[in-house]
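Thanks for making the time this morning. I would like to talk through one model, starting with an annotation from a record and then turning to how two chains meet.

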Amino acid sequence: MSHDHSKLIRMATQMAQFFTSQPDRPAPEAVAAHINESWSPRMRQDFVDQIRAGAEADPIVREAAAFVRLPAA
Amino acid sequence: MKDFIIPDRDMGTPAVKSDVTVNLLVDGIPVSVPAGTSVMRAAAVAGISVPKLCATDHVSAFGSCRLCVVQIDGMRGLPASCTTPVAEGMVVHTQTDEVAQVRKGVMELYISDHPLDCLTCAANGDCELQDMAGAVGLREVRYEPGKNHFARRDAEGPNPEYRPKDQSNPYFTFDPAKCIVCSRCVRACEEVQGTFALTIEGRGFDSRVSAGLASDDFLSSDCVSCGACVQVCPTATLIENSVIQIGTPEHIVKTTCAYCGVGCSFDAHMRGEEVVRMVPSKDGKANHGHSCVKGRFAWGYATHRERQTQPMVRERITDPWRVVSWDEALDFAATRLRQAQADFGRDSIGVITSSRCTNEETYLVQKLARAVFHNNNTDTCARVCHSPTGYGLKTTFGTSAGTHDFDSVDDTDLALVIGANPTDGHPVFASRLRKRLREGAGLIVLDPREIDLLKSPHMGEGLHLPLRPGTNVAMLTAMAQVIVAEKLYDEAFIRERCDWDEFLAYAEFLMDPRHAPEEVEKLARVPAELIRKAARAYAAAPRASIYYGLGVTEHSQGSTTVMAIANLAMMTGNIGRPGTGVNPLRGQNNVQGSCDMGSFPHEYPGYRHVSDPETRAIYERIWGVELSPEPGLRIPNMFDEALAGRFRGLYCQGEDIVQSDPDTRHVTSALSAMDIVIVQDLFLNETANYAHVFLPGSSFLEKNGTFTNAERRINMVRRAMTPKNGYEDWEVTQLLANRMGAAWTYVHPREIMAEIALTTPSFSGVSYDLLEREGSVQWPCNDKAPLGTPLMHIDGFVRGRGKFVHTEYVATEERTGARFPLLLTTGRILSQYNVGAQTRRTENVVWHPEDILEIHPSDAENRGVREGDWVRLASRSGDTTLRAHITERVAPGVVYTTFHHPTTQANVVTTDNSDWATNCPEFKVTAVQVSPSNGPSDWQEEYRHHSDLARRILPTAAE
């Protein structure tokens, strides 16, 4: 069983809503950086897996997945 | 431990600040004091105690008792030394024949109307009237017995002047028979506490201390039981019931209060290992001799009959508890934790540190996770209160902490209070703020509810912006727009301390019409003109400060709100000077400390990210283990992972997550899904209902360590009595760690602090020796600031330049609709603390025996709810029942309650929404419906059933 998927995407969406209004850097990168800083490797893996599996998500969240650091296999 | 046997000396009148020094002679001794000082205080500085009754350095001089008269060369008559200011070259004689005679006459009059039952009086040995009679050499009272206030009856019958004792307050007794009407109590209630509950009724011989109206006793009056009156009373008129029962104390242990984040210093007055009374320390730098009802009186929980002092275990959470030896409990715990890791991986277990425990205890618990469990699954209850403060202030200023000390409030011209209720949550700070408000400082309150601070007696103008819960960011952004649009910002400050281009970008963002007060009025339901007025007032004040609480942080945009607050302070230059700043009011005693000590899953002590190789290298060297560079799980993530079957074990010290965390059903399901839950606490709290191991904890009176308050002040906690459970809490953690293979050898918390200092740059100067010497220090404390840092960001921000973060309002997902048309917001009350585990086990329940739902009259009428009715409070998460109180303190559409009582469990209703940056739960906004009810909800029944089952303890076999 994995981490409740709607919740991870919901949390990432909230981040996207914040970072999209910030001028410093592209929102997807900022969302991914925040995820990398604060989520455990398993949560990150689950999140990326869900996005890859086609979970419905905000475009920024979808793009952010590419910048999320995954634990070494 | 018994080093502090001399209580602080009373200097007679308060200290005065002045740049001018005045020189005088007192009894031939030259003294230099600040201009404006009283002759009495100058004499005290010279080491001479002038006899006095109505004077005390807690309150300003009054000059009523005439006992403190002195002779001053060149002055006519005998001036009262308490009300006479010093003058250059003054020559004072504190004892002459004339002075002595006048004083004797005064004392004789006092004693003529005072009972002479000194031997059996509760103040025997601690009575200033008795001391003064001795000091002035009173040897006889020449007056015949006559009209008096103290005799119950005389030959003719009952004495009409006699009034019986008022024993309505559970903690102190008022005995009018012993009153000398010095009015110290009345002045303390006004000047120190700021409540103005007490007064002197009548005139002349009829003068009496009164708790308000004739029909009022101390309990029914406005009295908030802070005890300031009891502390200053020179006789047995107002005295602690514990002193009446036990007698006078024989030694003092200086320590720190274990309630809110103000962190008051206390003198524990002891007789043997028994507390006689708690007296706030005059030299306490946070509280300066004041306290509230919790700190001064509500410590009886430490010896409450429900205190659990023996370790217990059980196989399943539905089994009864089995009392076992420490060895068995620790083996059971260690084996199951290791088993979980063997079966489900290294990351399957974690810890929750406590904001109620000491820095040293917290440090060891996070070290247990990092160095012994080999993961970073450590979090603290600060997650659910002030984690957005950490994120927000670190991003904007560079430090996860408040900027100022509490003393700074004395210099503020305007206080902007946001989402905080200081008179209830941080009472001693509220008293200090009220004092400043009486001196003329302005007040702006942003809060859905009309808080008591707005009703401070004798304050100037107070603006209340009763915004809809969840609209903080919109409101603060609109205020910022007004400041920019009307060019009220401090350009010089911004250019020097921040990035001007970044400010211009923020200004452009702000000027969009969507941030205009008129637009925000539609969301927040606060008139645009009021928003403008508040913004102008904040920007116009020469020194404006911001104080905020959980009404800021506990939102889906908690972190954004903290950054909006920082923006306001930066654009108006309100940083780096006394009287300004951004000051989070921390909930629990050691919220600041638990965050500082590396409780968060992504940060080592001193807020250094776990991925930082240099920091890891420091700990790897000291701890001798390899450390994980990956962030661990936050509390809500732990619950989610538990429900996913991947998180199996938890060690929870001194927190009651079942009651304090949102969405109770979610929490209890998560705990029920774990293989091993270890609770360390004083009581079988609600979380223990889901635990397999109970490790008994120690109270703050039973241990050594340090707490760090909201102003970053590290205060000493000192052991006043032997732990009833046998160990201080840090020792229990060490025992558990060693059972799991660590080889820790700490013998005293000072060694733990030494390790913290060795590994954490902002603490490198901190040591127990320094704390003993200085009383307390505020971090950063290191080579650059050897005695600590009262004010931060004086010459520049810690991060370099202050950062303006854009603050777009995003509405919370928690919205009202047809099913749940009202917004619930939660808070707390003066007499209770957090989940109430401590205060519910004290006499404080007389003030707040249950949680009550506040509802506006129109909402109540629509639902047929009457005052005192039982109502059902339901959200999409769950429902509970409680009684309703109809009041206009809440706006229509908003309801309010507290979460102090487990029978109500307001958190059954709150949801799993959380702050975007930190997962701090959105306690302050829940869409709810309220309807009349005639019994407990299904959840309450179900919970009570499990709770009864889970709290059973098997009788121990007779030996």
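The unreviewed UniProt entry places a feature called "domain: 4Fe-4S Mo/W bis-MGD-type" at residues 250-306 of chain B, and I should say at once that what you are looking at is a predicted model. In this model the end C-alpha atoms of residues 250-306 of chain B lie 28 Å apart, and the span is 9% helix and 35% strand.

Let me move on to the interface. The size of an interface is often given as the accessible area lost when the parts come together. Between chain B and chain A that buried area is about 2600 Å², with carbon and sulfur atoms giving 48% of it. On the side of chain B, the residues that lose the most area to chain A are Glu630(B), Arg646(B) and Trp916(B), which together account for 24% of what that side buries. Counted by residues, the contact takes 32 from chain B and 27 from chain A.

As for the polar side of things, there are nine salt bridges between chain B and chain A, and the side chains of Glu813(B) and Arg10(A) meet in a salt bridge at 3.5 Å, N to O. Across the same two chains, 14 residue pairs are in polar contact, both residues being at pLDDT 80 or more.

Which elements of chain B give two or more residues to the side that touches chain A? They are helix 19 (558-571) and helix 22 (635-643), and helix 22 of chain B gives the most, with four residues. The residues on that side of chain B divide into 11 nonpolar, 11 polar and 10 charged.

Terms used
Residues numbered from 1 in each chain as written. Chains lettered and ligands numbered in written order. Predicted model: local features only at pLDDT ≥ 70, side-chain atom pairs only at ≥ 80, totals over all residues. Heavy atoms only, no water. Contact = heavy atoms within 4.5 Å. Buried area = accessible area lost by both parts, 1.4 Å probe. Salt bridge = Lys/Arg side-chain N within 4 Å of Asp/Glu carboxyl O. Polar contact = N/O pair within 3.5 Å; in protein donor to acceptor, adjacent residues only side chain to side chain. Nonpolar A, V, L, I, M, F, W, Y, C, P; charged D, E, K, R; others polar. UniProt positions renumbered as here; feature names shortened; annotations may be inferred.
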